[in-house]
Amino acid sequence: DLLVIGSANADLVIGVDRRPGPGETVLGSDLAVHPGGKGANQAVAAARLGARTALLARVGDDAHGRLLLDAQRAAGVDTVGVLVGGAPTGVALITVDPSGDNSIVVSPGANGKLTPGDVRAAGSLFHASRVVSAQLEIPLETVVEAVRNLAPGTRFVLNPSPPRPLPAEVLAACDPLIVNEHEAKAILGDVPVGGGAADWARILLARGPRSVVVTLGAQGALVASARGVDLVPAVRVDAVDTTGAGDAFTAALAWRLGQGDALADAAAYAVRVGAAAVTRAGAQEAYPTREEVAAL
Ligand code: ADP
């Protein structure tokens, strides 16, 4: 039902008392290695909810690639589209200081080698999907090719992260474009945006997408389409770790849209999934099952 096209990274996390300066070495905690990357996160989140999900991604022929493949398979994701080789698996080197602030260096590795040709070769996955969901941790031309390969009637969902200018062809395909506040501001660029998120949503909508969703963390999300702009309030929870909340939200929304939900209803479900995801530490490890969402 859902095809996710995107990145797969190993997140290598070390806790530090403080970050090293140039030429300096500091000692940190034991290393923790987690499966991550926006594409891999979304696929696991959707599969945990019960969605029939496939991932189109590229990992290296190495231990990190096997970790990522194992995590996808354990969640029930179809990994026939996870290509192996061409470069080392993408890695995020993350240091976390005692106040919880992250410093992150990303090596895209194999994610940068997911090509338009890989998209064309995955035609059967496209035909089997009601919704295709992408992000921007892979080459932009690969996302453009994905838009061109959508089967008739297949819906396209994009979270433009990390944000960069988008061709009109991609914007016009988005239904919805999903951004958090940071991504919204980055894409609006030097447009003077007074007012609040509802204004950003309207301006983004005027750039061509069929619909726009702005996620607002603990406030919930705004949905904007030709019918107007509506707030979908968040669910109140004790947030422990918001890592990967946006990926869980996007996956849930994309899946529900494919099941025939209206945008507002899909967003209401996604807000519950996002809330459940922030109540536990980690990203993929924290994603809820359908039963856990129902119990929230
Ligand atoms: P991102 O992770 O991309 O920055 P957000 O922080 O906006 O995205 O989170 C995505 C969604 O997850 C929100 O729209 C909301 O539904 C849910 N969420 C995030 N943080 C919280 C929170 N503290 N309490 C409840 N829900 C949250």
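**Exercise 1. Helix 1**

Task: In this predicted model, work out how many residues of helix 1 are buried, and what that says about the helix.

Solution.
Step 1. Find helix 1 at residues 38-48.
Step 2. Apply the cut-off: a residue is buried if 20 or more other C-beta atoms lie within 10 Å of its own.
Step 3. List the residues that pass. They are K38, G39, A40, N41, Q42, A43, V44, A45, A46, A47 and R48.
Step 4. Draw the conclusion. Eleven of the eleven residues are buried, so helix 1 is largely enclosed by the rest of the structure.
Step 5. Look just past the helix end. There G50 takes a positive phi of about 105°.

**Exercise 2. The annotated active site**

Task: Find the residue that UniProt lists as "active site". Is this residue, D247, buried or exposed?

Solution.
Step 1. Read the record. The unreviewed UniProt entry lists D247.
Step 2. Place the residue. D247 lies in helix 9.
Step 3. Count its neighbours. D247 has 31 C-beta neighbours inside 10 Å, so D247 counts as buried.
Step 4. List its contacts, leaving aside neighbours within four places in sequence. D247 is in contact with K38, N41, Q42, A45 and A283.
Step 5. Link back to Exercise 1. K38, N41, Q42 and A45 are among the buried residues of helix 1.

**Exercise 3. The annotated binding site**

Task: Which residues does the UniProt annotation "binding site" cover, and what is the largest C-alpha distance among them?

Solution.
Step 1. Read the record. The unreviewed entry names D241, T243, A277, R280 and G282.
Step 2. Compare sequence with space. These residues are spread over 42 residues of sequence, yet they cluster in space, with a largest C-alpha distance of 9.5 Å.
Step 3. Take D241. It lies in the loop between strand 13 (228-233) and helix 9 (245-258). D241 counts as partly exposed because it has 16 C-beta neighbours inside 10 Å.
Step 4. Take G282. It lies in the loop between helix 10 (263-278) and helix 11 (290-295). G282 has 18 C-beta neighbours inside 10 Å, so G282 is partly exposed too.
Step 5. Check the contacts, not counting residues up to four places away in sequence. D241 touches V278, R280, A281, G282 and A286. G282 touches H34, D241 and T243.

**Exercise 4. The shell around the ligand**

Task: How many residues surround the ligand, and which helix gives the largest share?

Solution.
Step 1. Count the shell. It holds 19 residues, and the closest are T215, A218, A239, G246 and G274.
Step 2. Sort by element. Strand 12 (220-225), helix 9 and helix 10 each supply at least two residues. Helix 10 gives the largest share, with four residues.
Step 3. Sort by type. The shell has twelve nonpolar residues, seven polar and no charged.

**Exercise 5. The largest nonpolar core**

Task: Which residues of the largest nonpolar core touch the most other members?

Solution.
Step 1. Recall a general point. In soluble globular proteins, nonpolar side chains tend to be buried together.
Step 2. Name the residues. The core has 85 residues, and V214, A252, L253, A267 and V273 touch the most other members.
Step 3. Find the main contributor. Helix 10 gives the most to this core, with eleven residues.
Step 4. Zoom in on V214. Not counting residues up to four places away in sequence, V214 touches V179, E181, A184, A197, W200, A201, A221 and L222.

**Exercise 6. One side of helix 7**

Task: Which residues of helix 7 are buried, and what covers them?

Solution.
Step 1. Locate helix 7 at residues 181-188. Its buried residues are E183, A184 and I187.
Step 2. Check the arc. They cover only 105° around the axis, which puts them on the same side of helix 7.
Step 3. Find the cover. It includes strand 10 (174-180), helix 8 (197-206) and strand 11 (212-215).
Step 4. Look just after the helix. G189 takes a positive phi of about 60°.

**Exercise 7. Two residues, two settings**

Task: Decide for R256 whether it is buried or exposed. Decide the same for S103.

Solution.
Step 1. Place R256 in helix 9. It has 24 other C-beta atoms within 10 Å, so R256 is buried.
Step 2. List its contacts, leaving aside neighbours within four places in sequence. They are D261, D265, A266, Y269 and A270.
Step 3. Place S103 in strand 7 (residues 102-107). It has 12 C-beta neighbours inside 10 Å, so S103 counts as exposed.
Step 4. List its contacts, not counting residues up to four places away in sequence. S103 touches R19 and T95.

Definitions and conventions: Residues are numbered from 1 along each chain as its sequence is written. This is a predicted model: local features need pLDDT of at least 70, side-chain atom pairs count only at pLDDT 80 or more; totals for chains, interfaces and linings use all residues. UniProt positions are given in the numbering used here, feature names are shortened, and annotations may be inferred rather than shown by experiment. Two residues are in contact if their C-beta atoms, placed from the backbone, lie within 7 Å. A residue is near a molecule or strand if its C-beta atom, placed from the backbone, lies within 6 Å of it. Ala, Val, Leu, Ile, Met, Phe, Trp, Tyr, Cys and Pro count as nonpolar, Asp, Glu, Lys and Arg as charged, and the others, Gly among them, as polar. A nonpolar core is a set of buried Ala, Val, Leu, Ile, Met, Phe, Trp, Tyr and Cys residues joined through C-beta atoms within 7 Å. The arc is that of the directions from the helix axis to the C-beta atoms.
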